[in-house]
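Let's take a friendly walk through a protein model together. Have the sequence and the 3D view ready, and follow along at your own pace.

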Amino acid sequence: MSLDAATAGFLAQLEAAGRVPLHESTPEAARERGAGLAALLGEGPEMTSTSDLQVAVDGAAIPIRVHRPSPAPRGVIVYLHGGGWVLGDLAGSDTMARQLAARTDCTVVLVDYRLAPEHAYPVPVEDSWAALRWVDENRAELAAPGAPLLVMGDSAGGNLAAVVCHLARDHGGPPIAAQILIYPSTDGTMA
């Protein structure tokens with residue numbers, strides 16, 4: 001597959017600067033590089049409220065960030081970030097989550113599931129499942145009683161979104177109104 005001119009130019013600039021390719025970086029170095037890119041996106045729209053909370057998971061706790069765009073949001077979106085299960089965090093997804101909340105008038109809950117290699121499978125699945133159940137239990141405070149619950153994710157987060165929707169189906173809930181997968185990793189062929 002050929003790259004468009006802007007992407008090819010950006011990659012050439014990175015190579016000329018002597019940067020180690022991402023796939024040759026340590027997880028720590030790759031995460032640091034990602035944090036620098038997040039700052040380029042700006043802050044995103046103002047929200048009615050933003051809260052950083054913790055969700056309990058098997059003797060641990062994971063951070064979540066709740067963006068409420070209006071006093072009476074239409075629904076709740078649980079968003080699982082991408083990053084190959086190794087990269088990604090609340091800060092890196094914050095601008096996109098604010099834009100999503102503003103454009104849909106849905107509360108967006110970003111889930112900061114624990115990352116590999118420090119936390120191998122099934123930890124990210126367990127974290128995502130715990131966050132989805134927490135959102136369902138608190139849905140009336142996040143939007144309105146009975147508001148639709150949507151699950152969304154990109155790349156590795158798309159994989160986790162698909163998995164937690166299967167778990168919801170297999171465990172009798174919570175009821176998922178929509179599953180939105182953005183270039184999800186859902187099979188081994190990567191087709």
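Start at Pro174, which sits in the loop between α6 and β6. The peptide bond leading from Gly173 to Pro174 is cis, with omega near 10 degrees. Another cis peptide bond links Tyr121 and Pro122, this time with omega of about 15 degrees, and Pro122 belongs to the loop between β4 and α4 (123-137). Most residues other than glycine have a negative phi, and most peptide bonds are trans.

Before going on, a word about the model: it is predicted, local features need pLDDT of at least 70, side-chain atom pairs count only at pLDDT 80 or more, and totals for chains, interfaces and linings use all residues. Residues are numbered from 1 along each chain as its sequence is written, and side-chain values use heavy atoms, with hydrogens and water left out. Helices (H or I, at least four residues) and strands (E, at least two) are DSSP runs, numbered from the N terminus.

**The sheet**

In what order do the six strands of the open sheet lie? The order is β1-β2-β4-β3-β5-β6, and the pairing is mixed. Two strands pair if DSSP finds at least two bridges between them. The edge strands β1 and β6 (178-182) each pair on one side only. Strands of a sheet pair through backbone hydrogen bonds, either parallel or antiparallel.

β1 and β2 are antiparallel, with nine bridges, and they form a hairpin with two residues between them. In that turn, Asp58 has a positive phi of about 40 degrees. Thr50 has His67 in β2 as its bridge partner, and His67 in turn stands opposite Val108 in β4. β2 and β4 are also joined in the antiparallel sense, over four bridges. By contrast, β3 (residues 76-80) and β5 (residues 149-154) run parallel and share five bridges; there, Val76 is partnered with Leu149.

**Helices across the sheet**

Helix α3 (residues 90-104) lies across β1, β2 (60-68), β3, β4 (107-111) and β5, at about 35 degrees to β2. Helix α6 (residues 156-170) lies across β3, β5 and β6, at about 145 degrees to β5. For these angles, axes are lines fitted to C-alpha atoms, for helices over the stretch in contact (heavy atoms within 4.5 Å), and angles run from 0 to 180 degrees between N-to-C directions.

**Buried or partly exposed?**

Buried means under 20% relative accessible area, exposed over 50%, and partly exposed in between (1.4 Å probe, protein chains only). Here are some residues to find in the view:

| Residue | Place | Relative accessible area |
|---|---|---|
| Val55 | strand β1 (residues 49-57) | 2%, buried |
| Thr95 | helix α3 | 8%, buried |
| Asp105 | loop between α3 and β4 | 22%, partly exposed |
| Ser155 | loop between β5 and α6 | 23%, partly exposed |
| Phe10 | helix α1 (residues 5-16) | 41%, partly exposed |

Which residues touch Val55, leaving aside its neighbours within four places in sequence? They are Ala60, Ala61, Ile62, Ile64, Ala130, Ala131 and Trp134. Val135 is 80 residues from Val55 in sequence, and their C-alpha atoms are 9.5 Å apart in space.

Two residues in the table also have positive phi values although they are not glycines: about 55 degrees for Asp105, and near 55 degrees for Ser155.
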